[in-house]
Amino acid sequence: MSSRARQEPLRQGLTYGLLAYLVWGFFPVYFKALHGIPPLEVVAHRIVWSVFFLLALVAATGRWGEVRAAFASRRVLLTLIGSTTLITINWLVFIYAVEQGQVLQSSLGYFITPLVNVLLGMIFLRERLRPLQMISLLLAAAGVGLLTARVGAVPWISLGLAASFGLYGLLRKTARVESLAGLLVETILTGPLALAYLIWLGTHGQGAFPAAVGQGALWLPLAGVLTATPLLLFAAAARRLRLATIGFLQYLTPSLQFALAVFAYGEPFTPTHMATFVLIWSGLALYTADAVRTFRNPAASRDADRT
């Protein structure tokens, strides 16, 4: 196989990953529009509308065979049950953070997530870091540690987001199922519970859709597209890239959320935040330089065939 052919999955993975993290980075804007709707109800809408959207995609692409194969494999199904639980927890914690005006803490959580990914990759997948990558990891860890120390309390929102999404990425990387089929199975597994909850809210006059909480509720039907699209992109990227590379791409999302929190939502920006930002992006710059060098000269690294 030619060098160009070997690099094609890397190019695709980087493109998918960048698009996914850009969409996630602007998620606070969308969920701010849903202010006043309880987080659990928003999560239920995300699941239900995602089922409809994904069913349409699978029907359009003729991927029913992959969906049936996922349900037929006990190992794949158990893995997707685990990933479904993790991503649901992640959604709930994130929406709660936005609802409570804690976008900075959510950004901290996604700054920590790449460190969790690197750790999981080293423990479970035996991925190794080159010296320059290790230095970048230490710089990022120093930045996260500095910001965490200044919180003054255990940042459970940040830690919950990092742990849930890091483990989700690990499970989706190891699940032998294509991204679209796997995501449909995930949403189908939780869809009946989510739909039953929304029906219960509606019969008790407590549901936000379509207009019980003003114009914000009209955004709820978009939850399916906005939820499924970046997850599809992420799952496709996870199957093509090392967890370490995925980890550092993830800095794009918290950086965008950090900017929104400070410049759009008026959350405090202190010298500690500035120092954290500089440390983390210095680490990212080193890691990116190393990744670009390896991309241009694959023989430069013998530890992995993908970066």
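Buried, here, means under 20% relative accessible area. Keep that cut-off in mind. One caution before I start: this is a predicted model.

Today's topic is aromatic rings. A search of the whole structure turns up 14 aromatic pairs. I'll walk through two of them.

Start with W24 and F165. Their rings meet edge-to-face. The centres are 5.3 Å apart, and the planes stand at 85 degrees to each other. Now look at where the partners come from. W24 belongs to helix α1, residues 3-25. F165 belongs to helix α8, residues 156-174. That is 141 residues apart, so this pair links distant parts of the chain. How buried is W24? Its relative accessible area is 11%, under the 20% cut-off, so W24 counts as buried. F165 is buried too, at 4%.

Second pair: F27 and F31. This one is also edge-to-face. Here the centres lie 5.4 Å apart, with 80 degrees between the planes. Why are these two separated by about one helical turn? Because they sit four residues apart in helix α2, residues 27-32. F27 has a relative accessible area of 5%, so it is buried. F31 is buried as well, also at 5%.

Now zoom out. The four residues I've named belong to one aromatic cluster. Its other members are Y21, Y30, F94, Y110, Y168 and F234.

Last item, a charge and a ring. Find K32 and Y265. The charged end of K32 sits over the Y265 ring. The distance to the ring centre is 4.8 Å.

That's my tour. Questions, please.

Note on methods:
Residues numbered from 1 in each chain as written. Predicted model: local features only at pLDDT ≥ 70, side-chain atom pairs only at ≥ 80, totals over all residues. Heavy atoms only, no water. Phe/Tyr/Trp six-rings, centres within 6.5 Å; stacked < 30°, edge-to-face > 60°. Buried < 20%, exposed > 50% of the residue type's maximum accessible area, 1.4 Å probe, protein only. Lys NZ or Arg CZ within 6 Å of the ring centre and 35° of its normal.
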